[in-house]
Amino acid sequence: MIKALLFDYGGTLDTNGHHWAEVLWNEYLAEDIQVTKAQFREAYVYGERTLDKKPLICPEHNFLDVLRIKCHLQTDYLLEKKYLICPVEADRLANAVALRCYQIARKHTASTRATLAAFKQKYKLALVSNFYGNLSSVLRDFDLYQYFDKIIESAHVNHRKPDPQIFRIAVDDLELEYDECVVIGDSYTNDILPAQEIGCATIWLRGTGWDEKPMLDDNAVDNCIAVITHFNELDYYLK
């Protein structure tokens with residue numbers, strides 16, 4: 001019997017399955033950035049690695065703060081590599097893209113709120129996320145915090161997906177058995193495979209991923225309760 005739903009956050013609750021690198025790239029294009037996608041990917045990877053090493057994000061930061069920091073890291077890298085030339089234009093791009101992406105996240109989290117509220121009546125809910133130590137502030141800003149019984153964040157537990165241990169911590173904190181939990185996420189490698197490894201059921205929200213051709217394990221896909229393309233499809237499988 002299913003007693004709890006464990007959600008991924010980034011890419012699952014806030015973009016309906018689309019990897020944030022793809023969302024950012026599309027918004028840079030909308031602002032007419034003059035770099036290639038390969039150059040942007042370099043900048044994206046640089047920004048993420050920098051955030052892993054340096055405590056630039058504070059616990060009180062909301063998601064707009066996070067996006068501004070990320071976008072400025074990316075445009076700083078593009079300037080350093082001379083993919084962008086004008087610092088004023090780089091600053092404009094960073095601020096404009098951060099705001100665009102924040103509005104996207106706000107729209108999607110508003111859409112998921114009703115679904116979470118309905119599930120809260122039937123299941124325990126948890127979040128399991130690779131994040132920066134400010135996920136509670138992000139959830140409060142998007143009016144989602146009250147729906148979760150447990151919030152397991154990599155910055156606090158020192159385990160990052162795809163390490164299955166981060167899912168074990170969530171299930172243990174809920175005081176449930178693994179086969180009583182369903183993990184829902186957008187990442188095949190970070191959510192679906194490690195959750196199945198410890199015996200959780202899974203639903204894969206398949207959108208636009210980071211890798212154009214991700215390595216798929218047919219057995220893992222077959223073992224999913226469902227592969228969906230929109231968050232609201234969860235109603236059908238979990239009602």
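**Figure 1. Surroundings of T109 in the predicted model.** T109 is in contact with Y9, L13, D14, F142 and L144, leaving aside neighbours within four places in sequence. T109 itself belongs to helix α4, which covers residues 87-120. The relative accessible area of T109 is 0%. Buried means under 20% on this scale, so T109 counts as buried.

**Figure 2. The open sheet and its strand order.** Six strands make up this sheet. Their order is β3-β2-β1-β4-β5-β6. The pairing is parallel. At the edges lie β3 (150-153) and β6 (226-228). Each of these edge strands pairs on one side only. From one strand to the next, the twist averages 20 degrees. In general, strands of a sheet pair through backbone hydrogen bonds, in either a parallel or an antiparallel sense.

**Figure 3. Pairing of β2 with β3.** Strand β2 takes in residues 124-129. Four bridges join β2 to β3, and the two strands run in the parallel sense. Within this pair, S129 has E153 of β3 as its bridge partner. The chain leaves β2, passes through helix α5 (residues 135-141) and arrives at β3. This β-α-β crossover is right-handed. Strand β3 is also an edge strand of the sheet.

**Figure 4. Pairing of β4 with β5.** Strand β4 spans residues 181-185, and strand β5 spans residues 201-205. They pair in the parallel sense. Four bridges connect them. V182 has A201, in β5, as its bridge partner. In the sheet order, β5 stands between β4 and the edge strand β6.

**Figure 5. The whole chain, as context for the close-ups.** The secondary structure comes to 10 helices and six strands. Along its principal axes, the C-alpha trace spans about 60 × 40 × 30 Å. The radius of gyration is 18 Å. A compact globule of 239 residues would have a value near 18 Å, so the chain agrees with that expectation. Of the 239 residues, 51% count as buried. T109 is one of the buried residues. The chain exposes about 11400 Å². Carbon and sulfur atoms supply 49% of that area. Among contacts with a separation of 6 or more, 66% come from residues 24 or more positions apart.

Key: Residues are numbered from 1 along each chain as its sequence is written. This is a predicted model: local features need pLDDT of at least 70, side-chain atom pairs count only at pLDDT 80 or more; totals for chains, interfaces and linings use all residues. Side-chain values use heavy atoms; hydrogens and water are left out. Two strands pair if DSSP finds at least two bridges between them. Axes are lines fitted to C-alpha atoms, for helices over the stretch in contact, and angles run from 0 to 180 degrees between N-to-C directions. The radius of gyration is taken over C-alpha atoms; the globule rule is 2.2 Å times the number of residues to the power 0.38. Buried means under 20% relative accessible area, exposed over 50%, partly exposed in between (1.4 Å probe, protein chains only). Contact means heavy atoms within 4.5 Å. Accessible areas come from the Shrake-Rupley method with a 1.4 Å probe; for residues, only the protein chains shown count as cover. A crossover is right-handed if, with the strands pointing away from the viewer, the path from the first strand over the helix to the second runs clockwise.
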